[in-house]
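Colleague: I'd like to learn how to read packing and contacts in a model like this one. Could you walk me through it?

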Amino acid sequence: MNNYLLIPFLPLAAFLINILLGRNFLKEKAHWVSILAVAGSWVVAVMTLVDTMAGKTINQDLYSWIVSGNFKVSVGFLIDQLTVVMLIVVTTCSTLIHIYSVGYMHGDKGYYRFFAYLSLFTFCMLMLVMANNFLQLYFGWEGVGLCSYFLIGYYFDKKSASDAGKKAFIVNRFGDFGFGIGIFMIFLTFGTIYYEPVFAQAGGFANNTVNFLGYDVHLMTLIALLLFCGSVGKSAQMPLHVWLPDAMEGPTPVSALIHAATMVTAGVFLVARCSPIFSLSETALMVVALTGAITSLFAATIGLVQNDIKRIIAYSTISQLGYMFLACGVGAYSAGVFHLYTHAFFKALLFLCAGSVMHAMAGELNLQKMGGLKKYMPVTYLTMLLASLSIAGVPGFAGFFSKDEILWLAYSGPSPVGKLVWAIGTVVAFLTAFYSFRLIFLTFHGKFRGTHEQEHHLHESPKVMTIPLILLCVGAIASGWVGIPHLLGGGAHFTEFMKPVLGHPEGHGTHSEEWMVMAVSVIAGFSGIGLAALFYLVRTDIPVKLAAGLSGVHKLLFNKYYVDEFYSFLIVRPAIWTAKNILIGITDAKIIEAIVNGVPKAIGGFSQVIRKVQTGFLQHYATIMATGILIIIALMLLR
Amino acid sequence: MVPLNWYLMLSATVFMIGVFGFLTRKNIIIMFMSVELMLNGVNISLVAFSHYLQDLRGQILVFFIITVAAAEAAIGLAIIIALFRNKSTAHVDEMNEMKG
């Protein structure tokens with residue numbers, strides 16, 4: 001059965017149809033093609049899930065892509081437990097977000113273009129997760145990056161949007177550079193870039209070192225860290241996180257699909273997929289765990305004080321992605337992927353709710369101008385509240401199970417930094433609950449703070465938008481139920497399911513310790529919610545006073561630790577200066593122009609001289625010919 | 001009997017008269033006639049060698065040259081007449097259309 005091929009190629013077909021026929025023929029009906037294609041992918045993905053649950057995995061080459069010497073690579077598909085989870089996440093979110101977009105993008109002049117790119121993105125993402133070799137993974141990786149660029153800059157007539165698109169693309173170059181070198185290193189070491197032989201042989205190289213830039217480094221650490229470079233860029237971890245908040249310039253469904261649920265989790269997927277390599281290097285794992293922990297803390301603190309509704313959720317995404325890396329870094333890959341899977345639902349839901357709010361507020365993003373929207377938009381309110389409960393880790397919701405699993409495995413795992421990242425993770429759980437509910441309270445509770453016209457305009461979104469919200473809400477609540485830990489009487493089915501690919505994380509601890517970890521994270525979550533309620537419902541004067549009292553801290557957080565300014569000073573402005581003064585001023589004007597203009601000028605000048613020979617008089621030519629013959633004869637005689 | 005060298009000298013003289021005529025005279029008809037002189041200079045040496053070596057191939061070659069010269073004269077004169085009709089002159093210095 002090859003019907004799994006439909007999963008990526010249906011969206012590709014939809015892309016081709018929309019991009020070729022959308023402008024002139026499909027127009028306002030463009031969404032039908034895309035939605036049907038993606039829904040078809042979803043159906044096949046579910047069938048594949050059933051097959052995989054029965055223990056059937058697929059690793060098949062479709063056709064030979066590149067053959068050069070001993071370098072062979074095919075377009076091939078690997079469908080195992082990890083892939084199938086990603087397939088479900090991607091196709092489910094993509095389908096619901098496609099449907100939501102029908103309402104959200106209604107009447108937009110680039111309607112067909114939007115759906116075409118959304119389908120292309122889905123195709124690339126599916127190619128990424130279904131690859132059975134690193135090159136195809138890289139193809140999907142760059143493909144999603146390209147679609148991300150297209151869609152962030154979707155409103156390309158707006159300068160901030162096109163700038164944000166460029167920023168996302170350029171910042172990702174830094175990470176992908178390392179990723180590319182990582183793939184070269186893999187080929188150099190193993191002589192192949194197929195997952196199966198690479199992972200099978202990785203153990204044999206566990207103690208090898210390699211000379212890299214003049215230093216002897218542990219081979220597996222080097223490869224793992226180079227691959228992790230790519231993850232850092234794509235998943236917006238420190239220090240390459242700067243592009244994700246700006247990416248919110250794109251339409252909200254794009255933020256939900258690409259910059260929350262799917263593309264940004266590709267980095268986590270990569271680490272999980274390469275777990276056989278990462279597991280061989282304690283250093284690399286430690287770097288992954290610490291990067292994740294620091295990023296999650298860092299982004300969560302910024303999220304506390306922002307006022308832009310989408311940016312708060314963007315920082316929340318960065319923070320939660322940090323959580324996933326934290327999990328991978330302590331060796332709990334399946335917990336990381338579990339969080340990826342639950343996070344996709346509640347974060348996509350949060351974004352779509354934010355989009356629904358923006359829809360009602362005529363594009364307003366500032367929290368301080370909202371308030372009291374509860375009575376106008378009950379469905380949006382309820383779904384967003386449930387999503388926030390889920391992200392805050394309230395027991396019973398999806399976020400609780402995945403977060404608890406990560407914290408427990410961090411606490412009890414063998415990692416040397418486990419306790420440290422557990423502590424950071426718990427603090428972040430508190431912060432997450434706080435800023436998520438700050439968002440809820442400022443948006444939906446209290447009095448309306450916007451203009452009179454805005455208040456008049458307030459309305460619940462149409463059904464085509466609210467139904468995807470409700471369906472995602474089901475996911476945000478129930479998706480975690482497949483991974484209820486043994487402690488709470490569940491079967492931990494998710495970990496069991498992942499075991500063949502990601503191994504079984506070892507946690508060494510007593511039941512009482514496990515209860516303790518769970519209790520601490522639940523208390524952290526509830527106290528975050530409680531504090532947000534106190535600050536933004538009961539004593540609304542406290543945040544103002546606090547911001548005034550700690551103005552230094554507030555300013556630092558509000559300006560995102562000045563990272564953008566730092567990069568602007570360190571990289572952007574020197575680059576622009578170099579471009580203007582050296583590349584344009586010297587290289588281009590003095591060197592390239594000189595060559596480009598000099599060559600024809602020299603040829604022209606020489607021909608001015610030489611053309612005089614061509615007099616047009618027959619007898620001149622004849623004389624030259626006769627003289628030539630005489631010279632030749634003379635030479636022959638004198639020889 | 002006349003020695004071979006005399007024939008060859010005559011041949012060279014006739015050929016060089018043709019060459020100098022072609023290079024120095026400005027009237028296109030005279031230049032054309034100079035070309036014929038060159039051809040016939042060559043013919044003389046061919047016939048002389050043919051007789052000297054007792055080999056008829058030289059004389060056969062002369063027939064060929066005479067035939068080609070006749071054809072060339074027909075085409076050449078036609079071209080000259082066409083030129084004269086266009087330019088109303090037979091002076092080669094007025095014909096420098098190919099000047100670079």
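Modeller: Happily! Let's start with the two chains: 13 residues of chain B are in contact with eleven residues of chain A, contact meaning heavy atoms within 4.5 Å. This is a predicted model, where local features need pLDDT of at least 70, side-chain atom pairs count only at pLDDT 80 or more, and totals for chains, interfaces and linings use all residues. Residues are numbered from 1 along each chain as its sequence is written, chains are lettered from A and ligands numbered from 1 in the order in which they are written, and side-chain values use heavy atoms, with hydrogens and water left out.

Colleague: What area is buried between chain B and chain A?

Modeller: The size of an interface is often given as the accessible area lost when the parts come together. Here about 930 Å² is buried (accessible area with a 1.4 Å probe, summed over both parts), and carbon and sulfur atoms give 60% of that area.

Colleague: How many salt bridges does the rule find across the interface of chain B and chain A?

Modeller: Zero, taking a salt bridge as a side-chain nitrogen of Lys or Arg within 4 Å of a carboxyl oxygen of Asp or Glu.

Colleague: And how should I read helix packing?

Modeller: Two packed helices are described by the angle between their axes and the distance between the axes. Helices are DSSP runs of H or I with at least four residues, numbered from the N terminus. Axes are lines fitted to C-alpha atoms over the stretch in contact, with angles from 0 to 180 degrees between N-to-C directions. In chain A, helix H8 (residues 219-234) and helix H11 (residues 266-273) pack at about 160 degrees, with axes 7 Å apart. That makes H8(A) roughly antiparallel to H11(A), the word for angles over 145 degrees.

Colleague: Which residues in H8(A) meet H11(A)?

Modeller: Leu227(A), Phe228(A), Ser231(A) and Lys234(A) do, and their partners in H11(A) are Ala266(A), Gly267(A), Leu270(A) and Val271(A). By class, this contact has five nonpolar, two polar and one charged residues; Ala, Val, Leu, Ile, Met, Phe, Trp, Tyr, Cys and Pro count as nonpolar, Asp, Glu, Lys and Arg as charged, and the others, Gly among them, as polar.

Colleague: What about backbone oddities?

Modeller: A cis peptide bond joins Met238(A) and Pro239(A), with omega about 0 degrees. Pro239(A) sits in the loop between H8 and helix H9 (243-246) of chain A. Lys560(A), not a glycine, has a positive phi of about 55 degrees, and lies in the loop between helix H24 (551-558) and helix H25 (563-610) of chain A.

How values were computed
Buried area is the accessible area (1.4 Å probe) that two parts lose on being put together, summed over both. Helices (H or I, at least four residues) and strands (E, at least two) are DSSP runs, numbered from the N terminus. Angles under 35 degrees count as roughly parallel, over 145 as roughly antiparallel, 65 to 115 as roughly perpendicular and the rest as oblique.
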